[in-house]
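Okay, thanks for coming, everyone. I'll put the structure up and then walk you through a few contacts and charges in it.

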Amino acid sequence: MANDVQPSDLTFSEKARIGALIARMAKRGMAGPTVDISDLKRRVERIENEARRRKQTDTK
């Protein structure tokens with residue numbers, strides 16, 4: 001799809017932020033399957049949406 005975010009669409013800062021959030025998700029995941037990580041997933045989605053909007057603006 002044209003709206004998919006590729007790693008090359010992300011800035012270094014965004015990649016670092018997503019990496020840190022994934023590490024936090026993994027740490028919470030080790031606590032057990034009942035631990036909620038939806039807040040961290042939303043933060044990653046928000047970063048990806050920013051990159052997607054920037055990509056669409058750049059291609060116009």
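**Around Glu14**

Let's start with Glu14, which touches Asp9, Ile47, Glu50, Ala51 and Arg54, leaving aside residues up to four places away in sequence. Before I go on, please keep in mind that this is a predicted model.

So where does Glu14 sit? It's in helix 1, which runs over 12–29. And is Glu14 buried or exposed? Its relative accessibility is 4%, so Glu14 counts as buried; the cut-off for that is under 20%.

Now, a buried Glu makes me look for a partner. Here we have one: Glu14 forms a salt bridge with Arg54, and the closest N and O atoms are 2.8 Å apart. That pair links distant parts of the chain, with Arg54 in helix 2 and Glu14 in helix 1, 40 residues apart. Arg54 itself counts as partly exposed, because its relative accessibility is 29%. So in this bridge we have a buried acid and a partly exposed base.

Next, another name from that contact list, Ile47. Ile47 lies in helix 2, and helix 2 covers 38–59. Like I said, Glu14 touches Ile47. Their C-alpha atoms are 6.8 Å apart in space, although the two positions lie 33 residues apart in sequence numbering. What else does Ile47 touch, apart from residues up to four places away? Besides Glu14, there are Arg17, Ile18 and Leu21. And Ile47 counts as buried, since its relative accessibility is 4%.

**The other salt bridges**

How many salt bridges does a search of the whole structure find? The search gives 3. In general, side chains of opposite charge can pair when their charged atoms come close. You've already met Arg54 with Glu14, so here are the others.

Asp9 and Lys55 meet through their side chains, at 3.3 Å from N to O. Asp9 is in the segment before helix 1 and Lys55 is in helix 2, so this pair ties together parts that are 46 residues apart in sequence. Lys55 is partly exposed, with a relative accessible area of 25%. Asp9, you'll remember, is also one of the residues that Glu14 touches.

Then there's Arg28 with Asp39, where the closest N and O atoms are 2.8 Å apart. Arg28 lies in helix 1 and Asp39 in helix 2, so here the parts tied together are 11 residues apart in sequence. Both partners are partly exposed: Arg28 has a relative accessibility of 24%, and Asp39 has 29%.

**The segment before helix 1**

Okay, let's move to the start of the chain. Val5 lies in the segment before helix 1. Which residues does Val5 touch, not counting those up to four places away in sequence? They are Leu10, Glu48, Ala51 and Arg52. Ala51 should sound familiar, as Glu14 touches it too. With a relative accessible area of 21%, Val5 is partly exposed, given that buried means under 20%. If you want a distance, the C-alpha atoms of Val5 and Lys15 are separated by 12 Å, and those residues are 10 apart along the chain.

Pro7 is found in that segment before helix 1 as well. Its relative accessible area is 55%, so Pro7 is exposed. Ala51 comes back here: the C-alpha atoms of Pro7 and Ala51 are separated by 9.8 Å, with the two residues 44 apart along the chain.

**The positive patch**

Last stop, the surface charges. Which residues form the positive surface patch? They are Arg17, Arg24, Lys27, Arg42, Arg43 and Arg46. Helix 1 and helix 2 each supply at least two residues of this patch.

Let me pick out a couple of these. Lys27 lies in helix 1, and it counts as exposed because its relative accessibility is 63%. Arg46 is in helix 2, and with a relative accessible area of 49% it is partly exposed; exposed would need over 50%. Measuring tape out, so to speak: Arg46 and Leu10 are 12 Å apart in space, C-alpha to C-alpha, and 36 residues apart in sequence. Arg17 is worth another look as well, since this member of the patch is also touched by the buried Ile47.

That's what I had, so let's go to discussion.

Conventions:
Residues are numbered from 1 along each chain as its sequence is written. This is a predicted model: local features need pLDDT of at least 70, side-chain atom pairs count only at pLDDT 80 or more; totals for chains, interfaces and linings use all residues. Side-chain values use heavy atoms; hydrogens and water are left out. Patches are made of residues with over 30% relative accessible area and no salt bridge: like charges are joined within 9 Å, nonpolar side chains (Val, Leu, Ile, Met, Phe, Trp, Tyr) within 5 Å. Accessible areas come from the Shrake-Rupley method with a 1.4 Å probe; for residues, only the protein chains shown count as cover. A salt bridge is a side-chain nitrogen of Lys or Arg within 4 Å of a carboxyl oxygen of Asp or Glu. Lys and Arg count as positive and Asp and Glu as negative; His and the chain ends are not counted. The place of a charge is taken as NZ of Lys, CZ of Arg, CG of Asp or CD of Glu. Helices (H or I, at least four residues) and strands (E, at least two) are DSSP runs, numbered from the N terminus. Buried means under 20% relative accessible area, exposed over 50%, partly exposed in between (1.4 Å probe, protein chains only). Contact means heavy atoms within 4.5 Å.
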